[in-house]
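Please walk through this protein chain with care, moving from one of its pockets to the strands beside it, then to the interior and finally to single residues that merit a closer look.

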Amino acid sequence: MRSLMSTQVGEDDDSHGENIFHSRCHVTGKLCSIIIDGGSYINVASSRLVQKLKLPTLSYPKPYKLQWLNSEGELMITKQVSLAFVLGKYKDEVLCDVLPMEATHIVLGRPWEYDRKVTHNGVTNIFTFFHRGEKVILKPLSLKNMNKDQIKMKMRREKEKGKNEKRRKEKNKEEKRKEDVASKVTMHPKDSKRPKKNIDKKVRREGSEEGVIGSKGTIIFVIN
């Protein structure tokens, strides 16, 4: 069983004491939130990001359970995604595990740090390394911008949740309407489909003669 992150990153967390690096990147041209955390044993892409951008996923060769720190929940990880992103001038593609996550869209953990031979300055929270022959320096967002991003992400989630709830209610309402229509059709079939009863009908022609239409369509007149 593996664990994710050295600390749980909350939406209102404004502390750099845990050395959680927050920044912004682009994935398929869309602005995303990204965290670098040496305490995470895996690289992560949020399932929401993968679904929204319709990114192709890979089946995990060996699914495993993941334990969130400071949480009792366990998650079974079954999918991965090869995630291409742009962070400033730094362009890269990293294999990430896919799981539900609300604090950010992407987490670069120890596997990324190890593969890129990253040097981290714990005081300035700056990451330095060489990529494709060029030196890369990654600086974190300011606390103000980090908090703005967290608030925006929270508002988007709440808005999306409201839309999903509205769609769910409309779907349930439509299904109920169809069920009501179906039940009415079953209870009250159209007249054209009802079996006709063989009831004799009275007819009258000129004079005082009156007759009836028999069940076979013959007319029998009776002279009064």
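By class, how many nonpolar, polar and charged residues does the lining of the second largest pocket have? In this model, which is predicted, the lining of that pocket has five nonpolar, two polar and six charged residues. The lining comprises 13 residues, and those that lie nearest the centre of the pocket are Lys-89, Tyr-90, Lys-91, Glu-134 and Val-136. The space within the second largest pocket comes to about 260 Å³. Two elements, E7 and E11, give two or more residues to the lining, and it is E11 that gives the most, with five residues.

Before following these two strands further, it helps to set them in the whole chain. The protein chain has 224 residues, of which buried residues make up 33%, and its secondary structure consists of three helices and 14 strands. Where contacts join residues at least 6 apart in sequence, 56% of them join residues that are at least 24 apart.

Each of the two pocket-lining strands also belongs to a hairpin. E11 runs antiparallel to E10, and five bridges join the two; within this pairing, Leu-138 in E11 is the bridge partner of Phe-127. Two residues lie between E10 and E11 in the hairpin, and Arg-132 is in the turn. The phi of Arg-132 is near 55°, a positive value in a residue other than glycine. This deserves attention because most residues other than glycine have a negative phi. Arg-132, in the loop between E10 and E11, counts as exposed because its relative accessibility is 70%, where exposed means over 50%.

E7, for its part, pairs with E6 in an antiparallel arrangement that is joined by eight bridges, and Val-94 in E7 is the bridge partner of Leu-83. E6 and E7 likewise form a hairpin with two residues between them, and here the residue in the turn with a positive phi, of about 65°, is Gly-88. A further residue with a positive phi, of about 50°, is Thr-28, which is not a glycine. Thr-28 is found in the loop between E2 and E3, and it counts as exposed because its relative accessibility is 55%.

From the hairpins the path leads inward. In soluble globular proteins, nonpolar side chains tend to be buried together. The largest nonpolar core in this model has 26 residues, and Phe-85, Trp-112 and Leu-138 are those with the most contacts inside it. Several strands and one helix, H1 (47–52), give two or more residues to this core; among the strands are E2 (21–27), E3 (30–36), E6 (74–87), E7 (90–99), E10 (126–131) and E11 (134–138). Another core, of eleven residues, lies apart from it, and Ile-20, Ile-42, Tyr-60 and Leu-99 are among its members.

Which residues does Leu-138 touch, not counting those up to four places away in sequence? Its contacts are Phe-21, Ile-36, Leu-87, Tyr-90, Trp-112, Asn-125, Ile-126, Phe-127 and Phe-129. Tyr-90, one of these contacts, is also among the residues nearest the centre of the second largest pocket.

Three other residues complete the tour. Ser-23, which is found in strand E2, counts as buried because its relative accessibility is 7%, and buried means under 20%. Leaving aside neighbours within four places in sequence, Ser-23 is in contact with Cys-32, Ser-33, Ile-34, Leu-87, Lys-139 and Leu-141.

Val-44 has its place in strand E4, residues 44–46, and is buried because its relative accessible area is 0%. Although Val-44 and Val-81 are 37 residues apart along the chain, their C-alpha atoms are separated by 8.9 Å.

Is Thr-57, which lies in the loop between H1 and strand E5 (58–68), buried, partly exposed or exposed? Thr-57 counts as partly exposed because its relative accessibility is 32%, and partly exposed covers what lies between the limits for buried and exposed. Its contacts, not counting residues up to four places away in sequence, are Val-50, Lys-79, Gln-80 and Val-98. Thr-57 is also 9.5 Å from Leu-83, C-alpha to C-alpha, with the two 26 residues apart in sequence.

Notes:
Residues numbered from 1 in each chain as written. Predicted model: local features only at pLDDT ≥ 70, side-chain atom pairs only at ≥ 80, totals over all residues. Heavy atoms only, no water. Core = buried A, V, L, I, M, F, W, Y, C linked by side-chain atoms within 4.5 Å. Buried < 20%, exposed > 50% of the residue type's maximum accessible area, 1.4 Å probe, protein only. Helix = DSSP H or I, 4+ residues; strand = E, 2+ residues; numbered from the N terminus. Contact = heavy atoms within 4.5 Å. Pairing = 2+ DSSP bridges. 1 Å grid on protein atoms, 1.4 Å probe; cavity = no way out; pocket = protein on both sides within 12 Å on 5 of 7 lines; lining within 4 Å. Points joined across faces, edges and corners; volume = space filled by probe spheres on them. Nonpolar A, V, L, I, M, F, W, Y, C, P; charged D, E, K, R; others polar.
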